[in-house]
Amino acid sequence: MTARTRIAASGLLALLVVVAGPDRADLAPGRGPELAPRPDGPQEAEVVAVMIDPRTQAHTVLLQGKRDRRQLAMAIGAAEATGIAVPLHGVTPPRPLTHDLFLTLFGRLKVSLTRVVITDLRDDIYYAVVHLRSHGGELTLDSRPSDAIALAMRARAPVLVENRVFDKGGLELPRARRPHI
């Protein structure tokens, strides 16, 4: 993670509500729940928010893994932020946006979007794949993650994130500490 990405991530931390977690001493052997090893493979993620990072003023989408609650913040463009925010907030625009147009086209061609997977983070660039199914079989397309997320939200298809992406670009949330008396 570059210094620029760390600064952006730390700015987002100010916007997040931190859920109380175990104190460091509680994680000592025999003192609390043992942390199970992470299963391999991608995990489904929920789109938590679309926001503007207060430090960089960049539009950002925030994802949270459903399995281990890790978070991932990705800087995206303004148009892509709108493309994700519209279905996130249940808004129906008066005219179809680009992602709506693509889903209409998929429907007329009898193609369904089954899932999207955010596959990698290299040199501060995120990569994703869109999985499609038709009568002719399955097809995968390279995609920007922001477009893949916008399509998945409209199609009500799962957004998956590879564990290595969380490892490389995930937010490290500070643990809430219990007050000492």
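**Group meeting: a mixed sheet, its helices and its charged pairs**

Let me start with one pairing in the sheet, that of A128, whose bridge partner in β6 is S143. The model I am showing is a predicted one, and I ask you to keep that in mind throughout. The two strands concerned, β5 and β6, pair in the antiparallel sense over seven bridges, and together they form a hairpin with two residues between them.

Moving one strand further along, β4 is joined to β5 by nine bridges, and these two strands also run antiparallel. Here too we have a hairpin with two residues between the strands, and in its turn D123 has a positive phi of about 50°. On the other side of the pairing scheme, three bridges join β4, residues 112-122, to β7, and this pair runs parallel. V117 is a convenient residue for following this arrangement, since its bridge partner in β5 is V129, while in β7 its bridge partner is L160.

If we now step back to the whole sheet, we find eight strands in the order β6-β5-β4-β7-β1-β2-β3-β8, forming an open sheet with mixed pairing. The edges are taken by β6, residues 137-143, and β8, residues 170-171, each of which has a single partner strand, so one side of each is left without a neighbour in the sheet. Helix α2, residues 78-88, packs on this sheet and touches β1, β2 and β3, with its direction making about 115° with that of β1. Helix α4, residues 145-155, packs on the sheet as well, touching β1, β2, β3, β4, β5, β6 and β7, and its direction makes about 155° with that of β4.

I would like to stay with α4 for a moment, because ten of its eleven residues are buried, which means that the helix is mostly covered. The buried residues include P145, I149, L151 and M153, but also charged ones such as D147 and R154. Just after the helix comes R156, whose phi is positive, near 55°.

What does α4 give to the largest nonpolar core? That core has 31 residues, and those with the most contacts inside it are L63, L113, I118 and I149; α4 gives the most to it, with six residues. For I118, leaving aside residues up to four places away in sequence, the contacts include L63, M74, Y126, Y127, I149, L160 and E162. There is also a second, separate core of five residues, among them A49, M51, A73 and L171.

E162, which appeared in that contact list, deserves a closer look. This residue is found in the loop between β7, residues 159-161, and α5, residues 163-169. E162 touches G41, P42, V117, I118 and T119, again not counting residues up to four places away in sequence. E162 is buried yet has no salt bridge, and the nearest side chain of opposite charge, that of R164, is 4.3 Å away; that distance lies outside the 4 Å cut-off, so the pair is not counted.

Which charged pairs do meet the criterion, and how many salt bridges are there? The count comes to ten salt bridges, and I will go through three of them. R154 forms one with D100, the closest N and O atoms being 2.7 Å apart. R154 lies in helix α4 and D100 in helix α3, residues 98-108, so this pair ties together parts that are 54 residues apart in sequence. R154 counts as buried, at 14% relative accessibility.

The second is between the side chains of D68 and R70, at 2.8 Å from N to O. D68 is partly exposed, with a relative accessible area of 23%, whereas R70 is buried, at 18%. The third is between R122 and D120, at 3.0 Å from N to O. In this pair R122 is partly exposed, with a relative accessible area of 41%, and D120 is buried, at 10%. Salt bridges that share partners join D120, R122, R164 and K168 into one network.

Finally, a remark on a loop. T56 lies in the loop between β1 and β2, where it is partly exposed, with a relative accessible area of 36%. From T56 to A75 the separation is 19 residues in sequence and 9.5 Å in space, C-alpha to C-alpha.

Definitions and conventions
Residues are numbered from 1 along each chain as its sequence is written. This is a predicted model: local features need pLDDT of at least 70, side-chain atom pairs count only at pLDDT 80 or more; totals for chains, interfaces and linings use all residues. Side-chain values use heavy atoms; hydrogens and water are left out. Helices (H or I, at least four residues) and strands (E, at least two) are DSSP runs, numbered from the N terminus. Buried means under 20% relative accessible area, exposed over 50%, partly exposed in between (1.4 Å probe, protein chains only). Contact means heavy atoms within 4.5 Å. Two strands pair if DSSP finds at least two bridges between them. Axes are lines fitted to C-alpha atoms, for helices over the stretch in contact, and angles run from 0 to 180 degrees between N-to-C directions. A nonpolar core is a set of buried Ala, Val, Leu, Ile, Met, Phe, Trp, Tyr and Cys residues joined through side-chain atoms within 4.5 Å.
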